[in-house]
Amino acid sequence: MILHLSDPHFGTEQARPVRALKQLCDELKPEVVVVSGDLTQRARHSQFIDAKRFLESLGCPYLVIPGNHDIPLFHLPKRIWRPFHRFQQCFGSLEPQIETENFFVIGVNTIKSHHHTKGSISLRQIEHVAEQLQAAPAHKHKIVATHQPFMVSPHDDEAAKDIPRLMLPALKRWSSCGLHALLHGHLHHSAVYDLNQYFLLGRSHPVLDIHAGTALSHRVRHSMPNSVNIICADLTVWRYDYDETQVSFIEKKILWQPKATD
């Protein structure tokens, strides 16, 4: 299984959810932890160090990509010339990949220093990821992680502004190479959409757009608690919410479950 978390925003993290998430990881022992961006609140060195220590403490493999909060906001020279310097000091590649027993996961950096929150994907990235997907083992679920989502609620015009540039060409290309799911954060709420149905991609299987809430930060939105996703080997997606009375992350609901024919 994958433990999918996002937007921990170290610098605004809360101690009890941090401990509870470590406990959940100990209990479930996921194949990999995928963090879909916004590890920090203000891209400070100390915040990256805290995020790194937390992920190392989980004791399992992890894959992380940057979010828009992971590049400097106020220091314009650094934002322009070295936007990812601190991220790379701690985590290395901006576009890592990892292979586990059931999954092949590719990270894609959708953050551009000249944008505030909107994502962007280049033609080079589209083709590079397509090559990786084609080379991935056919029996494993092929997953791409980006910070900004590819799909949002039809009623959320503000969130739709941050959908990455060239999203649709990327989706069509990657789905033709066997993509099963995309993992995102950014909006601080959980959701799952089947892009195969919504965009009429014509694939023989669902192509899921999986959103995670904020895992650890007090910057929750719409009265939603801190939450993470668990993605099972059959792509069933569970949402786990932090429960203050139990001081733990608990099963909340199934966000998506494959049909017998999927």
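Start with the open sheet: in this predicted model, six strands line up in the order E4-E5-E6-E7-E9-E8, with mixed pairing. Select 97–99 and 191–194 to see the edge strands, E4 and E8, each of which pairs on one side only. Neighbouring strands here are turned by 15° against each other on average, ignoring direction.

Now go inside the sheet. Select 141–145 (strand E6) and 179–184 (strand E7): they run parallel, and four bridges join them. Click on alanine 145 and look across to E7, where leucine 183 stands opposite.

Next, add the helices that lie on the sheet. Residues 123–135 are helix H5, which lies across E4, E5 (103–107), E6 and E7 and runs at about 170° to E5. Then pick 167–176, helix H7, which packs on the sheet and touches E6 and E7. The direction of H7 makes about 140° with that of E7.

Time to leave the sheet and look at helix H2, residues 45–57. H2 has 13 residues and spans 18 Å from first C-alpha to last, close to the 18 Å expected at 1.5 Å a residue. Which residues of H2 are buried? Select Gln47, Phe48, Ala51, Phe54 and Leu55. Turn the view to look down the axis of H2: these buried residues fall within an arc of 125°, so they line one face of the helix. Show what covers them, and you'll find H1, E2, strand E3 (62–65) and H4 among the elements there. Just past the end of H2, stop at glycine 59, which takes a positive phi of about 75°.

From here, colour the largest nonpolar core, which has 34 residues. Leu21, Val33, Leu55, Phe91 and Val228 are the ones that touch the most other members. At least two residues each come from several elements, including strand E1 (2–5), helix H4 (85–91), strand E10 (227–231) and strand E11 (237–243). H1 gives the most, with five residues.

Zoom in on phenylalanine 91. What does it touch, leaving out residues up to four places away in sequence? Its contacts are Leu39, Phe48, Ala51, Lys52, Leu55, Tyr62 and Val64. Two of those names, Phe48 and Ala51, you have already met on the buried list of H2.

For the last stop, select Ile126, Val129, Leu179 and Val207: they belong to a second, separate core of 28 residues. As background, nonpolar side chains in soluble globular proteins tend to be buried together.

Methods. Residues are numbered from 1 along each chain as its sequence is written. This is a predicted model: local features need pLDDT of at least 70, side-chain atom pairs count only at pLDDT 80 or more; totals for chains, interfaces and linings use all residues. Side-chain values use heavy atoms; hydrogens and water are left out. Two strands pair if DSSP finds at least two bridges between them. Axes are lines fitted to C-alpha atoms, for helices over the stretch in contact, and angles run from 0 to 180 degrees between N-to-C directions. Contact means heavy atoms within 4.5 Å. A nonpolar core is a set of buried Ala, Val, Leu, Ile, Met, Phe, Trp, Tyr and Cys residues joined through side-chain atoms within 4.5 Å. Buried means under 20% relative accessible area, exposed over 50%, partly exposed in between (1.4 Å probe, protein chains only). The expected span of a helix is 1.5 Å times one less than its number of residues. The arc is that of the directions from the helix axis to the C-beta atoms.
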